[in-house]
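Visitor: I am new to reading protein models, and I would like a close look at one single part. Could you choose a residue and walk me through its surroundings slowly?

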Amino acid sequence: MRVFVAGASGAIGRALVPRLVEAGHDVVAMTRTPAKEAGLRDAGAEPVVADALDAAGIRAAVKGAEPDVVVDQLTAIPPRLNPRRLERDFALTNRLRIEGTDHLVSAARAARAKRLVAQSFAGWPYAPTGSAIKGEDDPLDPNPAAGFRAMLDAIRHLERAVLSAEDLEGVVLRYGPFYGPGTSIGMGGSIVEDVRRRRFPVVGNGGAVWSFIHVDDAARATVAAIEGGDPGIYNVVDDDPAPVREWLPALAAAIGAKPPRRVPALVARLAVGDAGVAMMTEARGASNAKARRELRWAPRHASWREGFRTALG
């Protein structure tokens, strides 16, 4: 197939493009940075430079590609996040998820593409009530912490726009938090370095459940969603959801660091705000049962326990 990948030079895009080429697809890889064209060409793709916030530019780029499938991997997340400044740190990503998604949907329809596959997130958006492990039909948080509100609004917009697009098979992939090369939980990544310096503590009871996914497994799931499966939402996570109090000490051990400190939630709230505390104490994990069943995909890194050791040890 002809596959147009927007956001091809990001962490998942760099893993996705060579896998699509290896699978025999013709890939047009979009980046907004001309300096990244050579790397995309070396990966076997046809690079194109365009700004996702430029509606005319996106329309021209997608039309020229004549794709069967359009893939939206648009983000602009800083290498290091400030939990008290999430609205600032995610401002551009929120615009990409709203305006950029609208531009891609319009361009994909105009180019008569058949399918649109878009990146969403399963890390904290589920409502922090009930089961610790959520499926795709479970509700998203109706009243998120202030730092999460604009982000969740943008995610809701993206998902609605993709799933309701006329004449397109809309697929939304709710990835779990990434680890591996080029991510914050990779060699030299900001979370790894903070854990190494004991600046990433277990907050309160550390009861928030995280469902990780290795970036290579996320790319493989994306290929599966490009090639088949019914339209709809899929959680893309590993098989081993775990609370912060369990995975954070294991991450420290994997990189040879001292165990993380423990900080009461009331104290941590002064440093990381309500959103930061919620990520460490209230967030829910996600089930990959639907993706396994309907996309016929399974993570090669079935657990972060093995993944942390092999990716970071």
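Guide: What follows is a look at one residue, Glu159, after a few words on the chain that holds it. Please keep in mind that this is a predicted model, and that the values below are computed from it. The secondary structure of the protein chain comes to 12 helices and 15 strands, and its C-alpha trace spans about 55 × 40 × 35 Å along the principal axes. A compact globule of 313 residues would have a radius of gyration near 20 Å, and the 19 Å of the protein chain agrees with that. Buried residues make up 54% of the 313 residues, and, among contacts between residues at least 6 apart in sequence, 78% join residues at least 24 apart.

With that setting in mind, we can turn to Glu159 itself, which is found in helix H6, a helix made of residues 146–163. Glu159 counts as buried because its relative accessibility is 7%, while the cut-off for buried is under 20%. The side chain of Glu159 makes a polar contact with the side chain of Arg174, at 2.8 Å. Arg174 also appears in the list of residues in contact with Glu159 once neighbours within four places in sequence are left aside, and the others in that list are Ser120, Leu140, Val172 and Ile233. As for charge across the protein chain, there are 41 positive and 37 negative side chains, and the centres of these two sets lie 7 Å apart.

Definitions and conventions: Residues numbered from 1 in each chain as written. Predicted model: local features only at pLDDT ≥ 70, side-chain atom pairs only at ≥ 80, totals over all residues. Heavy atoms only, no water. Helix = DSSP H or I, 4+ residues; strand = E, 2+ residues; numbered from the N terminus. Rg over C-alpha atoms; globule rule 2.2 N^0.38 Å. Buried < 20%, exposed > 50% of the residue type's maximum accessible area, 1.4 Å probe, protein only. Contact = heavy atoms within 4.5 Å. Lys, Arg positive; Asp, Glu negative; His and termini not counted. Charge placed at Lys NZ, Arg CZ, Asp CG, Glu CD. Polar contact = N/O pair within 3.5 Å; in protein donor to acceptor, adjacent residues only side chain to side chain.
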